[in-house]
Amino acid sequence: MPRYDFRCRSCGATFELRRPMAQAGAPAVCPQGHEDTVKLLSAVAVTGAASGGAPQQAPSGNGGGGCCGGGCCG
């Protein structure tokens, strides 16, 4: 189930809730009971790092880019 971050405009508390995607835009109440909250935009970082933590490089060869990187498209 996705996790959504919220901030309370009344007390400034930041908190997270786990809820179904269908309820992503539903109002949230902060842990102190305030109803004036706003959903925060979460940044998700997706990297190509291997299990060792080092980023993997694209294979070199005669690929010229194109739509598939294999050089087949000219």
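## Ground rules

A residue is called buried when its relative accessible area is under 20%, exposed when that area is over 50%, and partly exposed in between, using a 1.4 Å probe and protein chains only. By that yardstick F15 is buried, with a relative accessible area of 9%.

Please keep in mind that this is a predicted model: local features need pLDDT of at least 70, side-chain atom pairs count only at pLDDT 80 or more, and totals for chains, interfaces and linings use all residues. Residues are numbered from 1 along each chain as its sequence is written, and side-chain values use heavy atoms, with hydrogens and water left out.

## The overall picture

The protein has 0 helices and 3 strands, where helices (H or I, at least four residues) and strands (E, at least two) are DSSP runs numbered from the N terminus. Read from the N terminus, the elements run β-β-β.

Of the 74 residues in the protein, 12% are buried. The exposed surface comes to about 5800 Å², and carbon and sulfur atoms supply 52% of it; accessible areas come from the Shrake-Rupley method with a 1.4 Å probe, and for residues only the protein chains shown count as cover. Among contacts (heavy atoms within 4.5 Å) with a separation of 6 or more, 27% join residues 24 or more positions apart.

## The sheet

How are the strands ordered in the sheet? The open sheet of 3 strands has the order β2-β1-β3, with antiparallel pairing. Two strands are taken to pair if DSSP finds at least two bridges between them. β2 (14-18) and β3 (37-39) are the edge strands, each with a single partner, so one side of each has no neighbour in the sheet. On average, neighbouring strands are turned by 35° against each other, direction ignored; the strand axes are lines fitted to C-alpha atoms, for helices over the stretch in contact, and angles run from 0 to 180 degrees between N-to-C directions.

Let us take the two pairings in turn. β1 and β2 are antiparallel over 5 bridges: D5 stands opposite E16 in β2, and Y4 has L17 as its bridge partner there. The hairpin of β1 and β2 has 5 residues between the strands, and in it G12 takes a positive phi near 85°. On the other side, β1 and β3 pair in the antiparallel sense over 3 bridges, with F6 opposite K39 in β3.

## The nonpolar core

Side chains alternate along β1: Y4, F6 and C8 point to one face and are buried, while R3, D5 and R7 point to the other and are not. What does the largest nonpolar core consist of? It has 7 residues, namely Y4, F6, C8, F15, A24, A28 and C30. Such a core is a set of buried Ala, Val, Leu, Ile, Met, Phe, Trp, Tyr and Cys residues joined through side-chain atoms within 4.5 Å. Strand β1 (residues 3-8) gives the largest share of this core, 3 residues.

F6 has 2% relative accessibility and therefore counts as buried. The structure holds 1 aromatic pair. The rings of F6 and F15 have their centres 5.7 Å apart and their planes at 15°, so the pair is stacked. Rings of Phe, Tyr and Trp (its six-membered ring) pair if their centres lie within 6.5 Å; planes under 30 degrees apart count as stacked, over 60 as edge-to-face and the rest as tilted. Leaving aside neighbours within four places in sequence, A28 is in contact with F6, F15, L17, R19, H34, E35 and T37.

## Two loop residues

C30 is found in the loop between β2 and β3 and, at 4% relative accessibility, counts as buried. Not counting residues up to four places away in sequence, C30 touches C8, C11, F15 and T37. C30 and F6 are 24 residues apart along the chain, with 8.0 Å between their C-alpha atoms.

Is S10, in the loop between β1 and β2, buried, exposed or partly exposed? S10 is partly exposed, at 48% relative accessibility. Apart from residues up to four places away in sequence, S10 touches H34 and D36. S10 and G33 are 23 residues apart in sequence, and 9.9 Å apart from C-alpha to C-alpha.
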